[in-house]
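Let's take a walk through a protein fold together, one piece at a time. Keep the picture open beside you as you read.

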Amino acid sequence: MIDQNFYKKILIDQKYISAEDAKAADGYEKSGKGNFTDFLMQNGVINKLTLGLAIAEYYDTSFSDLSLRTPSSQDLASIPEDTAREMRIVFVKNKEKDGQVLLGTDNLEQPKLADIAKQLFPNKKVIYTYAFKEDIDTYLSHYEKELNTRFSEIIKNEKRVAPEIFEEIIRDAITYRASDIHFEPEAKMTLIRFRIDGLLRLAGSIPRGNYENVLNRIKIQANLRTDEHFAPQDGAIRFGMADITVDLRVSVVPTLDGEKVVVRILTEYVKGLTFADLGFSERHIAIFNAASKKPFGMILVAGPTGSGKTTTLYSLIKKLNTPEINITTIEDPVEYRMTGATQIQVNQKTNLTFAKGLRAVVRQDPNIILVGEIRDTETAETAVNAALTGHLLLSTFHANDAATSIPRLLEMGVESFLLGSTLELLVAQRLVRRICDLCRYSYVEKLPTIAAQFPQAKGYFTDKEITLYKGKGCPACNNTGYKGRTCLVEMIEMNTALKELISTRPSAIQIAKMAHDNGAKSMFEDGIEKVKSGITTLEEVFRVAAPVELKAEVKSTETKPEKAPAKSKTILA
């Protein structure tokens, strides 16, 4: 396996990066914020293809991006599962004309590779190609049997039933990039459902008798009471097995059929996402960067639960996290550990609330304060006062859109003149599913057809025939046509006119109109741009961000599509 030091050596020796970039990446790695290649990729110095080609060049072979393909049953049958897992080799391509077979691996230094090739394909020339470890892992996961089949085998063996069932569930959830796991008890069975790209999918089921053992296993690991069955409980697990370590947030609630468990998976890769990965346009990124450079004031990110608000703020925190800046967070719960930032967990048992914790944080000489959520009057007033006293305050807020946030804060008791003085940027976002990169195709739809199905979208298209995109459905996206998610974003920058308007305690519609006149675009308009760019579909945009009545009162404008979509990382809320 190749480690970060080897990546560094390859990139420097083969002049893929400059000495200055290498020095900056070294400093980033030593600060503990991330590894060498994280820095290079986040700053656009290299990308996944560049890194793969550099490694392949070092080994004098080719690079194969296995994330762009899904193995067929014939591919899997070409190499026995035991051999594939032990040697970490997978079937890539059969070149019939040349009598060659292309096999992928992430470990080209294994001495047995030539012998294995002769055993598997005695009459053909075998060529090995380099593939990334995570892509090999995903490929190998296709050898797995159905979850229910594995449950049956575990129960039949009667050894470590509860631990093994839980491990299989976690392993599958990580493989399919699920954000949440639902354990839903019924009369005879307990259903296991994964939330993938925002929607729940049935993954398997456990007999009720075995579920009780799995439930106790979860409670013990999450430090919850095993003798409590009639009250809600919350806990956390740092879960590790083989080469996987992941943080889990556990919630248990009593139901008529037993205790239901929901496990939130806090994956490490989310912390490395950039604003571009999240779906922010260049204009949005510029606005966010400008607001975050101000020495004090308040930046709010609004949206419902599961809309990616925390991920967005962590992406901003990671960008601002330098040795010269003191960053302190107070959260409930702390979702992602971040080196270089002081993180405080809300604790109701010790009366450490958001408001009380925030008052203490202000006395800790912070430059930037992240409040996990403004959920009551006391926290709102304390947050505004903290922003007034020379701190940049970041927080999330539950509101349907950016404009609605201001009237809601005023209703919570925040003085209008104080809010107008401190608020610098309002962001609202939703998550929509991305069209699968592997099975995306374009098609032409006539404007009357679009208008008939989506009347409110008609004003955003001018041509009589519109090029749209969708996914056919393939094994990689579980035949849904979608894989991964992206943000629909709206931003309201505070200027003098808006600050003066806030002092009059305006309605959400008044704020939205003035923001629109100043050039702000709604989440729906951002969604239309992403539809035109082939990133998502009209169905998805209308599912999560249908236009409000205000859009009928303002003139719709033709928007320029973004650049053609590139393959991006998947978003867990």
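What follows is a tour of a sheet, a hairpin, a helix residue and a cavity. Before we set off, keep in mind that this is a predicted model.

Let's start with the sheet. It is an open one, built from 7 strands, and if you walk across it you meet them in the order β12-β11-β13-β14-β10-β15-β18. The pairing is mixed. In general, strands of a sheet pair through backbone hydrogen bonds, and they can do so in a parallel or an antiparallel way. What happens at the edges? There you find β12 (341–345) and β18 (482–493), and each has a single partner strand, so one side of each is left without a neighbour in the sheet. The sheet isn't flat, either: going from one strand to the next, the twist averages 20 degrees.

Now zoom in on β14, which covers residues 392–397. On one side, β14 pairs with β13 (residues 368–371) in the parallel sense, over 4 bridges. You can find two of the matching spots yourself: L370 stands opposite L394, and V371 stands opposite S395. β14 also pairs with β10 (residues 297–302), again in the parallel sense, this time over 6 bridges. Here, look for G297, whose bridge partner in β14 is L392.

Is β14 buried or exposed? Since 6 of its 6 residues are buried, β14 is largely enclosed by the rest of the structure. To picture this, it helps to know that in a regular strand the side chains alternate between the two faces of the sheet. In β14, one side carries L392, L394 and T396, while the other carries L393, S395 and F397, and all of these are buried. In other words, both faces of β14 are covered.

Next, head back along the chain to β4 (residues 180–185), another strand that is mostly covered, with 6 of its 6 residues buried. D180, H182 and E184 point one way from β4, and I181, F183 and P185 point the other way. A hairpin of 3 residues joins β4 to β5. These two strands pair in the antiparallel sense over 6 bridges, with β5 spanning residues 189–196. F183, for instance, has I192 of β5 as its bridge partner. β4 has another antiparallel pairing as well, with β9 (residues 258–266), over 4 bridges. In that pairing, I181 stands opposite V263.

Time for a quick stop at a helix. T382 is found in α16, which runs over residues 377–388. T382 has a relative accessibility of 10%, and because anything under 20% is called buried, it counts as buried. Its side chain has a polar atom 2.7 Å from the backbone oxygen of E378.

Our last stop is empty space. Such gaps show up when you roll a probe the size of a water molecule over the atoms. How many cavities of 30 Å³ or more does a search of the whole structure find? It finds 1. The largest cavity holds about 50 Å³ of space. Its lining consists of Y443, L468, Y469, K470, V531, T536, T537, L538 and E539. The largest share, 3 residues, comes from β17. β17 (465–471) and α23 (538–545) each supply at least two residues of the lining. Sorted by class, the lining has 5 nonpolar, 2 polar and 2 charged residues.

Terms used: Residues are numbered from 1 along each chain as its sequence is written. This is a predicted model: local features need pLDDT of at least 70, side-chain atom pairs count only at pLDDT 80 or more; totals for chains, interfaces and linings use all residues. Side-chain values use heavy atoms; hydrogens and water are left out. Two strands pair if DSSP finds at least two bridges between them. Axes are lines fitted to C-alpha atoms, for helices over the stretch in contact, and angles run from 0 to 180 degrees between N-to-C directions. On a 1 Å grid over the protein atoms alone, a cavity is a set of points where a 1.4 Å probe fits but cannot get out, and a pocket is an open set with protein on both sides within 12 Å along at least five of seven lines; lining residues have an atom within 4 Å of a point. Grid points are joined across faces, edges and corners, and a volume is the space filled by probe spheres set on the points. Ala, Val, Leu, Ile, Met, Phe, Trp, Tyr, Cys and Pro count as nonpolar, Asp, Glu, Lys and Arg as charged, and the others, Gly among them, as polar. Buried means under 20% relative accessible area, exposed over 50%, partly exposed in between (1.4 Å probe, protein chains only). A polar contact is a pair of N or O atoms within 3.5 Å; within protein, one must be able to donate a hydrogen and the other to accept it, and residues adjacent in sequence count only if both atoms are side-chain atoms.
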